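Student: I would like a close look at one part of this structure, a contact between two helices, and then an account of how the rest of the chain is arranged around that theme.

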Amino acid sequence: MKKEFISSIQPNAAVDSLFVVDEVSLRSGNNKKSYISCTVSDCTGRLSCKVWGDAGMSESDIAGIYNSLSQSQGSIFRIAGKAALYKGELGINVNDGIVYLSKPADTSRVSEKDFINSPVDIAACKKQILALIETIGDEGLRTLVLSAVTKADGFFEKPAAKGRHHGYTGGLCEHSLEVAKIALSIESGLIGVKLSRDLLIAGAILHDIGKCGSFEKKGLSYVPVPEYSLIGHTASAMMYLTHYSKFTDAETFRELLHIVQSHHGEHGETLPQTAEAWAVHLADNISAKIHEVDEDLKSVNAGEIAWGKRTDSFVYKSPSHADASAQRGRGGEGTHAANGHDIDKSGKDFGDEKKSQRSITDSFQ
Ligand SMILES: [Fe+2]
Ligand SMILES: [Fe+2]
């Protein structure tokens, strides 16, 4: 039975527990020595983990462990190391504990649900999405959206991203539902402007459906497939939705595709050109940005300002926000994603130079 969880890990504490391992990569530190960067997770959150090995290990020893870990991404491993803060982000350093990483742990006595990283009530999310689809007045569009989400591979289970926002099991359906609700609230808040509620719901729910083809299940986790970066989720969505064009008329389908194609706004290839496309783009931004702020604030103490790695800007945690986060019970302190920076064995970051306002004497190793 699992006793130690990500959410209870404190800086400088010894860690020795089972976690799901993914996002495995082989990196090189300032001293040119190789180390393994990965993410460890359980049902309470995710942490970055650096495997340095012990002093006597050769480059080929580290490479061997890397091969073993990368081939078993999504599996449960015994992680034995020490927790440390580096620039405000909690992580785990593994030295001697590397001996446990040559093969997955014995999981005969653990419960799988302790290892699924998802704060989402997927059943409730799915129910709300299906109920929203039911309210689409245009029968053809309603059939299109229902068919597309129910036939897509993992729409209700896959993450919406790997790290920045909604990067957990069920994240895609949670994000899609949020975008639909926010887009509808934009529509209801406007005075004297009429938007197509049908297109808003359809476009919002389907805007990221291409992400179903961006991740595949590996063990207890979802990992990106080459399509994630080679093709991208907007192009994947366009290709996928083409199969469902027969359900609606050409004009409605064109406007739906436009919402999907332009949902990244100025960061995409096509700027929104309809009111519905702008509403979905703005709703998408709100859902993503507020979750990024929320994630960044999880590693900030009440009353502190720190550099947010996801928001790429400073974030402030007011004492009242800290109370709200604790009540929500979605992880709290210690629920952090990988920080994405290269850190050498001495704890020096050789990524960008942005400084956290948390004590920079805290080092990750
Ligand atoms: Fe997107
Ligand atoms: Fe999105």
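Which residues in H7 meet which residues in H8?

Tutor: This is a predicted model, and its chain averages a pLDDT of 87, with 88% of the residues scoring at least 70. On the H7 side of the contact stand Thr 234, Ala 237, Met 238 and Leu 241, and they meet Leu 257, Val 260 and Gln 261 in H8. Sorted by class, this contact of H7 with H8 has five nonpolar and two polar residues, and no charged residues. Helix H7 spans residues 233-242 and helix H8 residues 250-261, and their axes come within 9 Å of each other while crossing at roughly 160°. Since angles over 145 degrees count as roughly antiparallel, H7 is therefore roughly antiparallel to H8, and the crossing of the two helices is right-handed.

A second helix pair can be set beside this one. Helix H5 (residues 197-206) and helix H9 (residues 275-297) pack at an angle of about 40°, their axes lying 9 Å apart, and H5 and H9 are therefore oblique to each other. H5 passes H9 in a crossing that is right-handed. In this contact Leu 199, Leu 200, Gly 203 and Ala 204 of H5 meet Glu 276, Ala 279, Val 280 and Ala 283 of H9, which by class gives six nonpolar residues, one polar and one charged.

Between these helices in sequence there is also a hairpin to consider. Strand E6 (residues 215-218) runs antiparallel to strand E7 (residues 221-224), and four bridges join them; Glu 216, for instance, has Val 223 in E7 as its bridge partner. Two residues lie between the strands of this hairpin, where Gly 219 takes a positive phi near 60°.

Turning to the sheet, five strands form a closed barrel in the order E1-E2-E3-E5-E4, with mixed pairing, and the twist from one strand to the next averages 50°. Within the barrel, strand E2 (residues 34-42) and strand E3 (residues 45-51) run antiparallel and are joined by seven bridges, with Lys 50 in E3 serving as the bridge partner of Ser 37. Helix H1 (residues 59-71) packs on the sheet, where it touches strands E1 (14-28), E2 and E3, and its direction makes about 30° with that of E2.

One stretch calls for caution: over residues 326-365 pLDDT stays under 50, although the model has 99 contacts beyond four places in sequence for these residues.

Key:
Residues are numbered from 1 along each chain as its sequence is written. Chains are lettered from A and ligands numbered from 1 in the order in which they are written. This is a predicted model: local features need pLDDT of at least 70, side-chain atom pairs count only at pLDDT 80 or more; totals for chains, interfaces and linings use all residues. Two strands pair if DSSP finds at least two bridges between them. Axes are lines fitted to C-alpha atoms, for helices over the stretch in contact, and angles run from 0 to 180 degrees between N-to-C directions. Two residues are in contact if their C-beta atoms, placed from the backbone, lie within 7 Å. Angles under 35 degrees count as roughly parallel, over 145 as roughly antiparallel, 65 to 115 as roughly perpendicular and the rest as oblique. A crossing is left-handed if the near helix is turned anticlockwise from the far one by less than a right angle, and right-handed if clockwise. Ala, Val, Leu, Ile, Met, Phe, Trp, Tyr, Cys and Pro count as nonpolar, Asp, Glu, Lys and Arg as charged, and the others, Gly among them, as polar. pLDDT is the predictor's confidence in each residue, from 0 to 100.
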